[in-house]
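Work through the exercises below with the sequence and the model side by side. Each task is followed by a solution that goes step by step.

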Amino acid sequence: MQLGARVLKTGVAIVFALFLADMLKLPSPVFAGIAAIFAIQPSIYRSYLTIVEQIQGNLIGAVVAILFGLCFGHHIVAIGIAAILVIGIMLKLKLQSSLSLALVTLVAIMVYESGDFLEFSVIRFLTVMVGVFAAFIVNMVFLPPRYEVKLFKNIQSLQDDIIRWTRLAIRGASEHVSTKNALSKFEKRLSEIESMYVLFKEERQYTKKKRKSQMRKLVVYRQMITTTKKSFELLARLHKHENEIVHLPETFRTMLQERLDFLLTYHEQLLLKYTGKLRPEHSKWTVDKKHLNRSEVMERLIEQIAIEKRREGEEEFSSYHLFYIFSRILDYEENLEHLDTLIVSFRNFHSKDRNEDLEEQFY
């Protein structure tokens, strides 16, 4: 069993909240521990947004609890009605994320024990807020989230797998069911990468220079993800027409294989380039003489389409299938070129803002 940073931070936040409540001599410190559980978030920015919303939600829960306690007493039916009212108010104000903690505050106050009710209510409210602030402090100080390394690792891992399956698919060597299962898994991993990108985007920088560098990084990573999606779409298209590709003329199929091998190698080099592992002479993409340029590839495509139209008795393959395949290849190629431009620009203008952890952990 692997314990993530958020799991560890939740445990630390509970301990810290209980410690603060005990140090402040607050009765029922358990409510501080409960509040800390709700307040832990995956990023510092989300933690900040959460603490703002939870202050609002706890105030609503506390005010409703005090009003109902003073007007209707502390009967269990009154607690239920008050809870319904709090839920309605929170939904109306679009504070759903802090709804659970607001209800905890409501119940903590309305389950009146003894003494002055107003004083009791304030103490319970403060106890809950101690837990919220304890979680916020832990989120900032203890293992603060850094998502760039995780994001790049996921992109690089997924891209390696897509490249491997694409090389098999273009040679007709992949098994149909296995490729289909792999495509399904790749789609889920792309969704996870998108979610991690959102968390990385939420990381805040506190100097103008750092903010500018972060904005450029976001553009680069957005294009990395887009290019990975294009390679995934290409693989899906090759998988769909795998039988038709096998029956293409040998010379044309060889040209397809060489073109894709060239682009896939180029993609691998771009990821190396971002981590500073390429020599300066590889800072630009140059087409080797033995490889066809884009116009020559298109000429071959047009020739092959003309040949396919003249062939008779072929029900399995239509010329428009070639358009589908080559549109994916050209789209992939254009996104690779754009990614290359962005990476070169970033490393030229922000060479001092490299992520050393990223460069040390990869390759």
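**Exercise 1: Two loop residues**

At 71% relative accessibility, Lys25 counts as exposed, where buried means under 20% relative accessible area, exposed over 50%, and partly exposed in between, with a 1.4 Å probe and protein chains only. The model is a predicted one, in which local features need pLDDT of at least 70 and side-chain atom pairs count only at pLDDT 80 or more, while totals for chains, interfaces and linings use all residues. Residues are numbered from 1 along each chain as its sequence is written, and side-chain values use heavy atoms, with hydrogens and water left out.

Task: state where Lys25 is placed, and what its phi is; then do likewise for the place of Lys94 and its phi.

Solution. Begin with the location: Lys25 sits in the loop between helix 1 (5-23) and helix 2 (30-39), helices being DSSP runs of H or I with at least four residues, and strands runs of E with at least two, numbered from the N terminus. Next comes the backbone, where the phi of Lys25 is near 60°, a positive value in a residue other than glycine. Most residues other than glycine have a negative phi. Turning to the second lysine, Lys94 belongs to the loop between helix 4 (76-92) and helix 5 (99-110), and its phi is also positive, at about 55°, although Lys94 is not a glycine. Lys94 counts as exposed because its relative accessibility is 67%.

**Exercise 2: The chain as a whole**

Task: determine how many helices and strands the protein chain has, and what share of its residues is buried.

Solution. Counting the elements gives 14 helices and zero strands, so that the pattern read along the sequence is α-α-α-α-α-α-α-α-α-α-α-α-α-α. As for burial, buried residues make up 44% of the 363 residues. The accessible surface of the chain comes to about 19,800 Å², of which carbon and sulfur atoms hold 59%, the areas being obtained by the Shrake-Rupley method with a 1.4 Å probe, and for residues only the protein chains shown counting as cover. Finally, among contacts (heavy atoms within 4.5 Å) between residues at least 6 apart in sequence, 80% join residues at least 24 apart.

**Exercise 3: From a loop proline into helix 6**

Task: find which residues Pro27 is in contact with, leaving aside its neighbours within four places in sequence, and describe how helix 2 and helix 6 cross.

Solution. First, Pro27 is found in the loop between helix 1 and helix 2 and counts as partly exposed, because its relative accessibility is 42%. Outside its sequence neighbours within four places, Pro27 is in contact with Ile123 and Thr127; the C-alpha atoms of Pro27 and Thr127 are separated by 8.0 Å, although the two residues are 100 apart along the chain.

Second, Thr127 lies in helix 6 and, at 0% relative accessibility, counts as buried. Apart from neighbours within four places in sequence, its contacts are Leu26, Pro27, Ser28, Pro29, Phe31 and Ala32.

Third, the axes of helix 2 and helix 6 (residues 117-141) come within 7 Å and cross at roughly 40°, where axes are lines fitted to C-alpha atoms, for helices over the stretch in contact, and angles run from 0 to 180 degrees between N-to-C directions. The two helices are therefore oblique to each other, since angles under 35 degrees count as roughly parallel, over 145 as roughly antiparallel, 65 to 115 as roughly perpendicular and the rest as oblique.

**Exercise 4: Helix 7 against helix 11**

Task: establish how the axes of helix 7 and helix 11 are oriented, and which residues of helix 7 take part in the contact.

Solution. The axes of helix 7 (residues 147-170) and helix 11 (residues 250-274) come within 11 Å and cross at roughly 165°, and the helices are therefore roughly antiparallel to each other. On the side of helix 7, the residues are Glu148, Phe152, Gln156, Gln159, Ile163, Thr166, Arg167 and Ile170, and these meet residues of helix 11 that include Arg253, Leu256, Leu260, Leu264 and Tyr274.
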